[in-house]
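Dear colleague,

Please find below the structure that I am handing over to you. My notes on what was found in it follow directly after.

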Amino acid sequence: MSEAVIHDDHHDHDHKPTGIGRWLFSTNHKDIGTMYMVFALIMFFIGGAMALVIRAELFQPGLQYVDPQFFNSMTTVHALVMIFGAVMPAGVGLANWMIPIMIGAPDMAMPRMNNMSFWILPFAFTLLLSTFFMQGGAPAGGWTMYPPLVLQLGDALPFLIFAVHFLGVSSIMGAINIIATVFNMRAPGMTFMRLPLFVWTWIITAFLLIASMPVLAGAVTMLLTDAYFGTSFFNAAGGGDPVLFQHIFWFFGHPEVYILVLPSFGIISQIIPTFSRKPLFGYASMVYATAAIAFLSFFVWAHHMFTVGMPLTGELFFMYATMSIAVPTGVKIFNWMATMWRGSMTFETPMLFSIGVLFMFSIGGFTGVMMGITPVDFQYHDTYFIVAHFHYVLVPGIIYGIFAGVYYWLPKWTGNMYDEKLGKLHFWTSTISVNVLFFPMHFLGLAGMPRRIPDYNVQFTDWNQVASVGGFAFGLSQLILVWVVIKCVRGGEKATDQVWEGAHGLEWTLSSPPPFHSFTTPPQVTDATAHS
Amino acid sequence: MVKDAVNTAKLLFVFAIAMFGFGYALVPLYDVFCEVVGINGKTGQISESTAIAGEIDTNRLVTVEFDTNVNTALPWSFKAEQYKKQVHPGEIAEMMFVAHNTSDRAIVGRAVPSVAPAQASLFFNKTECFCFTEQVLEPGERKEMPVKFVVDAELPDKITMMTLSYTFFEVPEAERVETASKNRIIDNNKS
Ligand SMILES: [Cu+2]
């Protein structure tokens with residue numbers, strides 16, 4: 001879709017640059033937010049195409065379309081593209097667009113750094129995706145980059161490592177900008193406990209990013225020096241240990257899970273009160289629960305590696321710590337349900353997607369608790385059960401949250417209402433197909449089908465075919481989203497400033513679309529105009 | 001407002017850099033942790049005099065198995081003289097290992113030890129081991145290397161068997177010079 005058309009009906013008094021320079025040198029949080037979102041959408045389709053290669057190959061046992069090496073590249077790069085290219089940039093894009101207008105700030109605190117953190121992304125993904133044309137192929141050792149396997153990669157290894165470095169730098173700068181903005185640029189009266197929950201979840205996400213991304217950067221730097229500079233961090237011959245990599249990686253990896261999910265939690269915490277026409281139930285407990293989840297996420301990493309041969313006490317510690325995260329998560333789920341309780345609910349597309357998150361994230365949450373039980377994990381480890389688990393969390397959990405946010409704020413961004421019928425069609429086709437796609441994977445995993453394998457035993461054929469049909473249906477359903485967005489950008493029924501009858505907060509006091517520069521004089525915030 | 005924001009950002013940058021350092025700090029922390037809980041082959045080393053002073057539990061026998069491996073890149077053969085040995089907890093036992101350089105160049109090798117089950121490794125102490133240092137074998141040289149060890153008398157009764165495993169690796173050229181400072185396993189076993 002075209003970026004330029006999104007803002008073509010701006011108010012005349014708005015001073016804004018024109019042409020390609022507007023985007024290349026942009027320091028405007030709305031433009032940068034838009035670029036992040038468009039980039040995420042493109043990556044979503046690139047990563048999705050890779051997933052469809054996987055599902056096509058797995059439609060039948062035996063090798064059909066691709067060779068095993070390429071299949072492994074597909075699983076590896078699909079994950080990297082979706083995590084670092086689609087979900088994280090979408091979250092940062094929403095933060096860029098919404099946080100300044102939610103807290104009454106004129107822009108982000110460091111607009112130039114904001115520009116830089118966005119433009120690093122296309123650069124990093126060019127590095128990563130160019131590896132498909134290299135000797136030895138694209139990364140194929142899994143997105144977790146475990147040595148010694150990853151060190152056997154051909155010319156792609158340094159490209160993979162530098163891409164991860166750049167992605168880390170980009171997200172750390174984005175996170176610093178968000179915290180600096182919220183801490184210093186709130187409008188008078190916008191106290192911390194009046195912040196919309198989306199802003200709160202992003203503050204906490206940003207802290208998680210700053211604390212965990214540098215650790216990942218360190219881990220891949222060690223890989224780089226092991227491969228090219230003779231160090232032996234993970235090389236047993238030199239006195240190192242490959243298991244050490246897994247510890248460092250997952251010290252980043254588990255908080256990363258919450259980096260992905262917390263913004264979506266924030267989004268649905270805005271949407272559910274709006275369409276229930278009630279304030280959010282338990283605002284303060286939501287804030288504390290989010291902080292508790294983030295804090296606990298640093299003490300559970302080894303649940304990804306129960307099978308490496310840990311001492312029993314270690315396994316027990318990580319098992320109990322993991323399960324304890326279910327408590328604050330449960331607080332959030334019950335708060336959302338209590339918000340809907342006896343509310344005057346309506347079911348517009350954003351609300352449908354939010355309720356979808358509630359139901360299907362919970363499915364992923366429960367299988368997560370199952371995997372957290374050490375003896376059970378020994379059976380499920382590296383099977384399709386874990387694939388089912390994290391895809392339930394990531395797709396109808398996190399990505400649905402992003403969809404919900406896009407539908408919720410699209411009229412605010414464009415000034416036009418989107419096509420509600422198409423939105424609902426997108427929701428229902430996605431929801432049916434996503435369950436057809438991922439639910440059978442639970443059965444496959446329980447029956448013992450290993451993940452990351454291009455071929456399988458014939459007994460797994462039926463459920464794989466069901467999953468593949470669901471996969472293609474889900475992929476096609478996403479074209480509806482593109483259609484809705486393009487249609488909405490081009491025109492439609494004019495949106496009011498408030499857009500939704502039950503919407504409260506500063507962003508709804510601005511015109512739809514908001515002026516290029518908003519809140520140049522900060523608004524005064526009171527309990528009545530704040531969220532919560 | 002903007003000045004405050006810049007200060008916040010500076011603080012956060014320092015925090016990010018500190019976390020990068022923390023990633024590296026996990027490397028020595030990991031070794032210390034493994035040694036404390038006795039996993040990952042980080043078995044204890046004690047001096048011969050402390051080993052002799054310890055009590056010997058003659059009421060029971062523990063079987064110690066010996067497992068030897070050579071990394072595929074290393075042209076050596078490496079065997080223990082026997083596959084297993086029965087010892088009384090507390091008694092000093094010895095096992096001879098033989099390495100043979102089958103190539104026509106001198107090679108520096110390093111053995112990485114490991115003890116299974118992990119619960120047993122806390123009670124397995126060596127007083128002498130070829131794994132404490134690097135081993136140089138001239139072309140065709142055959143070398144006998146003794147290991148002296150003591151199974152602690154405190155070993156829980158339920159453990160009746162344990163395995164001592166070694167894997168020999170070639171030490172990369174770049175690392176040979178300052179062995180003592182670079183070889184983390186050796187450092188840990190000495191402390
Ligand atoms: Cu985890």
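F265(A) has a relative accessibility of 2%, and because the limit for a buried residue is under 20%, F265(A) counts as buried. The same term applies to W336(A), which is buried at 1% relative accessibility. Please note that this is a predicted model. The rings of F265(A) and W336(A) form an edge-to-face aromatic pair, with 5.2 Å from centre to centre and 70 degrees between the planes. F265(A) belongs to helix α7 of chain A and W336(A) to helix α10 (residues 326–340) of chain A, so this pair ties together parts that are 71 residues apart in sequence.

Helix α7 of chain A also holds another aromatic pair, made by F249(A) and F252(A), which are three residues apart, or about one turn of the helix. Their ring centres are 5.6 Å apart and their planes stand at 75 degrees, so this pair is edge-to-face. F249(A) and F252(A) are both buried. Over all chains, the structure holds 58 aromatic pairs.

I turn next to the charged side chains. Side chains of opposite charge can pair when their charged atoms come close. A search of the whole structure finds nine salt bridges over all chains.

In chain A, one of these joins the side chains of K424(A) and E420(A), at 3.9 Å from N to O. Both residues lie in helix α14 (residues 420–446) of chain A, four residues apart, so about one helical turn separates them. K424(A) is partly exposed, with a relative accessible area of 31%, and E420(A) is partly exposed as well, at 23% relative accessibility.

In chain B, R105(B) and E170(B) meet through their side chains in a salt bridge of 3.3 Å, N to O. This pair links distant parts of the chain, 65 residues apart: R105(B) is in the loop between β5 (92–101) and β6 (107–116) of chain B, and E170(B) is in strand β10 (residues 161–170) of chain B. R105(B) is partly exposed, with a relative accessible area of 38%, and E170(B) is partly exposed, with 21%.

A further salt bridge in chain B brings together the side chains of R110(B) and E134(B), at 2.9 Å from N to O. R110(B) lies in strand β6 of chain B, and E134(B) in the loop between β7 (124–128) and β8 (135–137) of chain B, so the pair ties together parts that are 24 residues apart in sequence. R110(B) and E134(B) are both buried. In addition, D57(B), R60(B) and D157(B) are joined into one network by salt bridges that share partners.

What does the contact between the two chains consist of? It takes 36 residues from chain A and 27 residues from chain B. Chain A and chain B bury about 2800 Å² between them, and 74% of this area is on carbon and sulfur atoms. Between the chains there are zero salt bridges and two residue pairs in polar contact, both at pLDDT 80 or more. On the side of chain A that touches chain B, the elements giving two or more residues are α5 (156–184), α6 (197–228) and α7 (242–276) of chain A. The largest share of that side, nine residues, comes from α6(A). The residues of this side of chain A divide into 25 nonpolar, 10 polar and one charged.

With kind regards

Definitions and conventions
Residues are numbered from 1 along each chain as its sequence is written. Chains are lettered from A and ligands numbered from 1 in the order in which they are written. Side-chain values use heavy atoms; hydrogens and water are left out. Contact means heavy atoms within 4.5 Å. Buried area is the accessible area (1.4 Å probe) that two parts lose on being put together, summed over both. A salt bridge is a side-chain nitrogen of Lys or Arg within 4 Å of a carboxyl oxygen of Asp or Glu. A polar contact is a pair of N or O atoms within 3.5 Å; within protein, one must be able to donate a hydrogen and the other to accept it, and residues adjacent in sequence count only if both atoms are side-chain atoms. Ala, Val, Leu, Ile, Met, Phe, Trp, Tyr, Cys and Pro count as nonpolar, Asp, Glu, Lys and Arg as charged, and the others, Gly among them, as polar. Rings of Phe, Tyr and Trp (its six-membered ring) pair if their centres lie within 6.5 Å; planes under 30 degrees apart count as stacked, over 60 as edge-to-face and the rest as tilted. Buried means under 20% relative accessible area, exposed over 50%, partly exposed in between (1.4 Å probe, protein chains only).
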